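Trainee: I should like to take a close look at a single part of this structure. Please explain how it sits within its chain.

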Amino acid sequence: MTTTTNARTEVATRLALYRTQVALRQFEQRAYDLFLENLVKGTSHLSLGQEAIAAGFAAAMRSDDWTFATYRGHAHTLARGVPMTPVLAELLGRDNGLMGGKGGSMHLTSVEHGVMGSYAIIGAHLPIACGAAWSAQYRGTQQVAVCFFGDGTVNIGAFHEALNFAAIWSLPVVFVCENNQWMEYTRTSDVTAVARPAADRASAYGLAPIVVDGNDADAVYEVAVVALARARAGEGPSLIEAETYRHGGHSRADPGKYRPDEEVAAWLAKDPIVRYRARLLDAGVAEAQLAQIEGEVAGEVERATTEAKAGAAPGEDRLMSNVWADGGSSWRN
Amino acid sequence: MAQLTFREAIARGIAQEMRRDDSVVLLGEDVAAAGGVFKGTVGLLEEFGPRRVRDTPISEQAILGAAMGAAMTGLRPIAEIMFSDFFAVCWDILANEIAKSRYMTDGQLTFPLVVRSGNGGGLRFGAQHSQSVENWAMMIPGLKVVVPSTPADVVGLLAAAVRDDDPVVFLEAKALYPTKGDVPEGEVVDTLGTARVLRSGSDATLVALGLMVPRALAAAAELAESGVDCTVIDVRSLVPLDTATILREVTATGRLFTVEENPRLCGWGAEVASIVADEVFYDLDGPIVRITTPHIPLPAADALEDLAIPSVERIVTTVAKSMNA
């Protein structure tokens with residue numbers, strides 16, 4: 001377990017980390033409310049409880065680094081600086097959505113913010129992140145690809161292919177396993193041969209086993225700084241297991257009732273935002289300053305909700321566009 | 001004009017593009033030091049070095065994933081999947097990720113990549129190393145599908161595929177690797193989505209692809225001796241599909257025969273037949289006939305494989321019987 005030395009993280013960075021975590025939390029809570037109003041169709045996977053990982057990494061990344069996220073990708077998208085309105089509008093299937101309503105909750109992408117996609121087939125984006133890292137290595141740009149995935153991903157073949165590939169080519173990619181203890185509706189330890197799903201596999205690829213408290217934004221930030229520097233220095237990939245817990249179920253349809261009450265209570269007591277707030281107060285940050293951040297974020301969520309709801313439904317021009325690089329969808333003459 | 005084998009044309013086409021553009025890179029199993037298991041990439045490591053020509057592990061998802069990630073961030077990778085049958089182990093990356101991500105992101109991402117693969121039968125490799133999978137790729141929106149039948153087309157269409165900003169599945173008929181043909185000197189660049197009329201006749205139009213093209217031509221020569229004068233079209237590109245050429249030639253002869261190596265159901269010829277029936281039905285003088293491999297896994301024994309894949313003899317017999325009915 002990596003320990004934190006909080007003093008190393010500057011106050012400005014820590015306030016930014018707090019703001020990001022609060023934004024992710026309030027956004028996801030609003031997204032959940034909008035599901036209940038049936039304004040978000042289809043499925044959706046919230047990051048409530050896992051905000052510290054997205055916030056910690058985003059704070060440590062260079063603006064031209066790349067994020068590869070999963071279908072549980074709202075937090076990772078917002079953490080890179082994508083405004084709330086287009087993200088929320090995408091969830092609502094509106095024309096002003098991040099992808100004009102064509103991707104939906106599970107595929108959030110904003111190339112201009114380095115969010116190179118959210119991938120909804122388990123494991124797929126690990127080799128894709130390798131490709132981006134290869135491109136950075138080839139062109140000498142010192143960019144790093146950071147690839148987030150859940151604990152369930154370690155048991156699919158693409159994980160193994162990607163980790164081996166990244167190791168043999170010494171690629172600048174950081175693999176981040178968000179171990180939220182549950183693989184959809186099944187306890188991860190019931191279906192995984194090792195206790196630490198990612199860390200205990202690291203030696204198979206010649207990598208160090210790194211485990212971090214994923215509910216501690218400072219700890220995540222520090223681990224991220226080290227892994228990113230290692231990648232930029234040409235020393236190859238890292239595999240980081242961030243221990244965390246999702247406060248809700250796997251997806252919209254899942255109340256998460258299979259989890260023991262005492263387990264949920266124990267993890268709620270380790271809520272990353274509650275902990276971080278207390279830590280900032282201990283460090284001398286004024287209550288009023290934190291309240292101001294919370295208030296500003298609340299206003300931002302309100303504005304985004306209004307703007308997203310005001311978006312029109314996408315039309316036929318969206319439907320038939322951008323299959324091909326020429327902007328169209330024609331397959332014949 | 002140089003005479004090259006089909007396999008030499010692969011290396012020639014890749015080298016032409018790699019010399020022109022430093023963002024073109026090649027990866028795959030045994031493509032570098034070994035020059036490819038089918039010897040399609042001989043000499044490329046020596047000319048371009050290990051930075052641009054890279055051997056990979058037996059990891060097809062990693063190969064195509066790496067190609068995708070590289071393509072979306074500025075490179076123009078050429079990925080080799082040794083046998084197209086292996087698409088089945090990396091189909092998620094090809095069908096779900098590469099094909100759909102441009103659309104899903106409403107154009108934010110672009111994937112200028114080529115997936116080359118040895119395709120089809122004739123080498124007695126049995127059911128898992130002989131399939132004609134062009135229809136697998138054709139049915140996925142977002143993939144272009146190109147199938148050359150001559151060394152000159154290999155160079156020109158490969159160049160066009162590399163320069164195209166969309167993902168192109170480039171299928172090389174394995175049985176054609178040793179065949180020879182003239183390739184013009186200098187840079188050769190073709191156009192995707194263009195069929196080629198190889199022979200003009202007045203009685204029937206044979207539309208063929210890949211390995212079936214030389215067989216359709218040989219069949220047409222035999223049929224001419226018995227008084228059936230055939231047009232032969234090499235489709236060359238399934239997506240985009242040159243329907244204009246096909247419709248024009250079918251209208252001129254009044255008859256359509258597709259010659260397909262793939263198993264019967266949902267072969268590319270079914271789509272061609274549907275388009276012809278929809279759009280030029282009243283110009284037809286007789287039924288549309290599809291000549292295909294039966295709907296079976298391919299057997300290994302030479303005698304059985306030869307029975308399965310459309311032969312010159314089967315094409316001749318089928319066309320003659322239908323024309324005389």
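Against which strands and helix of chain B do the buried residues of H12(B) pack?

Mentor: The model is predicted, so some limits apply: local features need pLDDT of at least 70, side-chain atom pairs count only at pLDDT 80 or more, and totals for chains, interfaces and linings use all residues. Residues are numbered from 1 along each chain as its sequence is written, while chains are lettered from A and ligands numbered from 1 in the order in which they are written.

The buried residues of H12(B) pack against strand S10 (204–208), helix H8 (212–225), strand S13 (256–263) and strand S14 (289–293) of chain B. Packing here rests on contact, in which the C-beta atoms of two residues, placed from the backbone, lie within 7 Å. The element names follow DSSP runs numbered from the N terminus, with helices (H or I) of at least four residues and strands (E) of at least two.

Helix H12 of chain B covers residues 312–324, which are 13 residues. From its first C-alpha to its last it reaches 18 Å, close to the 18 Å expected at 1.5 Å a residue; the expected span is 1.5 Å times one less than the number of residues.

The buried residues of this helix are Ile315(B), Val316(B) and Val319(B). They lie on the same side of H12(B), because they cover an arc of only 95 degrees around the axis. That arc is taken over the directions from the helix axis to the C-beta atoms. An α-helix has 3.6 residues a turn, so residues three or four places apart point the same way. The face turned away from the buried side carries the exposed residues Lys321(B) and Asn324(B). A residue is buried if 20 or more other C-beta atoms lie within 10 Å of its own, exposed if 12 or fewer, and partly exposed in between, with C-beta atoms placed from the backbone.

As for the wider setting, the domain assignment of chain B gives domain 1 (2–183) and domain 2 (196–324); such bounds come from an automatic or database domain assignment. The C-alpha centres of the two domains of chain B lie 26 Å apart. Their contact takes 26 residues from domain 1 of chain B and 22 residues from domain 2 of chain B. On the domain 1 side, helix H6 (134–138), strand S6 (144–146), helix H7 (151–163) and strand S7 (168–173) of chain B each supply at least two residues.
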